[in-house]
Every structure is written in structure tokens, then in C-alpha cells.
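Grab a coffee and open the viewer. Here are some short exercises on packing, pairing and empty space, each with a worked solution.

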Amino acid sequence: MSWTPRAVAAMLGISPTTLRTWDQRYGLGPSDRTAGGHRRYRDDEVDQLRRMVALTAQGIAPADAARQSRQRVPAAAPPTRPVLTADAARSVRRGFLTAADRLDEPRVRWLADELITAHGVVAAWQAVLAPFLVELGERVHRRGAGVEVEHLASAGLLHALRAVPYPDRDGVLTALLSCAPDEQHTLALEALGAALSEEDCLWRSLGARVPPTALRDALERLRPAVVVIWAHHADFAAAVPIEELRRDTEAVLVTAGPGWAGLALPASVRRPATLTEAVRLVVDLIRG
């Protein structure tokens, strides 16, 4: 599978400008080109960029992060679930695309249920579901048609993510999830919520298009340990009153999504680059 720079930037939650900078300064660019000369990233190059995003989010200097991202990832502890290889992920994505093109929402839902059960929410989202959605969005943008395919597929994934069992217990609310004002993309937040359920964390989601007053009221009533605010576009992120929220709540503020790229944020605000980092951040804040 090959990916356009625009698709890669969307998958990784970074701006196209950042992607070009990393190509020009550190050589983290695409190797392939189409017959028309358009740049295309291979899956292994996307994985390398994913490591670059994770390392820079940890505060590592970009030059050092670029060098480390080219190195082989050390062997991890034996996984509790089967590893989802790049070849397997490509095969599964083809199945999703076929089902979506047929407007077979039950099939999309079933495939997502099976994938999440086998590999967990985080692996399913990062290796298959997010790239699948990006590819659908790219096709709609390129062809000017197919919105119904994208919407149906999103509905199937939403159903599968909400089927992940919520923790069956009472306790202190771990995280409040919210979209920025006018932000209507909620699937990434749904994936985070489902992943937190797998970690036995209690959470609530306010969903799409949350006005600042509504978010402040919810924070006052629920008093979560963490609040995660999702923004897909910079205009939506800019409408979030971060400074007021930081002053008015004791919750740790976490911003997620490509809309926050390039915006100046207080040092106390956390910005995980991937779903893996977001889940780990929330869990570590709670469990110490």
C-alpha cells in the first residue's frame, strides 16, 4: 500500500508542512513516485514517521528523533494478543474497502468487531481503521463522490467501538472526552474511549461540537482527572479557551488531533501524538 503526503499527515495527526520539513531536513521522505511524479509513502516509511512523531512528543530533539526512528524498534515483551503485521493489516483494509464500496454496513461492523476482539482497540485503530478512513476520505476528495460510502463505513466503525464493554464498576471518573466547538469528527474520540474501557478506566464523552460553556459545566459537575479535547482543524482548536480551562479546572488538559499542530499551548497541556500515547498518558496519570 502507498499513501499520499496528505493522507500520511492526516493519519499521524501532523500538518503537511511538518511532513515536508522532516523530508527536507532529515530525509524522512517517500521513496516511491507515481508515473506522473507524485510522491507516495510506503507502509514502512509511515511506520518510521509514526516513530518520529512519538519520539518528538516525548521531548526528543527532531534530529535525534529522526536518527532513532530509522533504527529497528527493540523487541517488545511478548504480546497478549497476536501481532497485527503490516501485510495482515493491508489485507484487512482491503476487506473493509470492499465492504464499504458495497454499502454493506453490517459487514464493516462485523469486520471491525472481529479485528478489535483479536488485536485490541489501539492496534486495530492505528494499523487498520484510521488508515481505512483516511483512504476513504482521500477517494471522496479525489473523485468528488462517495460521501455515502464514507458515512456508512463510519457508522459501522462507531457501532463496533461502542460495543467494547464499559468497565462494570463504580469509581472516580478518569477522563472526560470532548470535541472542540464546531468539531464534528468523533470517531477518534470513540476509539480513545473504547481503548480506555479495555484498560478498565472510567470515562465519559460529550461528543461533537461542544461549546466552551458546556465543557466548563461538565468539568464542574464531573470533576474528571483528565480532559481530552479533540480538534481536527486548527480553526476549531483555536476556539477552545485553553487558558480559561487551565485556570478553572484541576483536571489535566490533553489536546488531541491534527488541529492543534502549530498552536502555542501552555507547558502544562499534554499533547499525545498517537492513540497509544493518549491511552498510556491517561493510564499513567491515574495509576502513577
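## Exercise 1: the second largest pocket

Sort the residues lining the second largest pocket by class, then work out where they come from.

*Solution.* Start with the classes: in this predicted model, the lining of the second largest pocket splits into 28 nonpolar, 14 polar and five charged residues. Next, get the size of the space, which is about 1,400 Å³. The full lining has 47 residues, and the ones nearest the centre are Ala 10, Val 134, His 185, Trp 230 and His 232. Now trace the helices: helix 1 (5–12), helix 7 (121–143), helix 8 (147–162), helix 9 (187–198) and helix 13 (275–287) each chip in at least two lining residues. Helix 7 gives the largest share, with nine residues.

## Exercise 2: a helix pair

Find how the axes of helix 2 and helix 3 cross, and say which residues meet.

*Solution.* Take the axes first: those of helix 2 (residues 16–26) and helix 3 (residues 43–57) come within 12 Å and cross at roughly 100°. Angles of 65 to 115 degrees count as roughly perpendicular, and therefore helix 2 and helix 3 get that label. Then list the contacts. Helix 2 brings Leu 19, Trp 22 and Tyr 26, while helix 3 answers with Leu 49, Met 52, Val 53 and Thr 56. Sorted by class, the residues of this contact are six nonpolar, one polar and no charged.

## Exercise 3: a small set of strands

Give the strand order of the three-stranded open sheet and pick out its edges.

*Solution.* The order is 1-3-2, with antiparallel pairing. Strand 1 (2–3) and strand 2 (32–33) are the edges, as each pairs on one side only. Zoom in on strand 1 and strand 3 (residues 39–42): two bridges join these antiparallel strands. In one bridge, Ser 2 is partnered by Arg 42 of strand 3.

## Exercise 4: the enclosed space

Count the cavities of 30 Å³ or more, then describe what lines the largest cavity.

*Solution.* The count at that cut-off is one. The largest cavity holds about 40 Å³ of space. Its lining includes Ser 178, Cys 179, Ala 180, Leu 215, Ile 229 and Val 240, and several prolines, among them Pro 181 and Pro 211. Strand 4 (175–179) and helix 10 (212–222) each supply at least two residues of this lining. To finish, tally the classes: 10 nonpolar, one polar and no charged residues.

Terms used: Residues numbered from 1 in each chain as written. Predicted model: local features only at pLDDT ≥ 70, side-chain atom pairs only at ≥ 80, totals over all residues. Heavy atoms only, no water. Axes fitted to C-alpha atoms, helices over the stretch in contact; angles between N-to-C directions. Helix = DSSP H or I, 4+ residues; strand = E, 2+ residues; numbered from the N terminus. Parallel < 35°, antiparallel > 145°, perpendicular 65-115°, else oblique. Contact = heavy atoms within 4.5 Å. Nonpolar A, V, L, I, M, F, W, Y, C, P; charged D, E, K, R; others polar. 1 Å grid on protein atoms, 1.4 Å probe; cavity = no way out; pocket = protein on both sides within 12 Å on 5 of 7 lines; lining within 4 Å. Points joined across faces, edges and corners; volume = space filled by probe spheres on them. Pairing = 2+ DSSP bridges.
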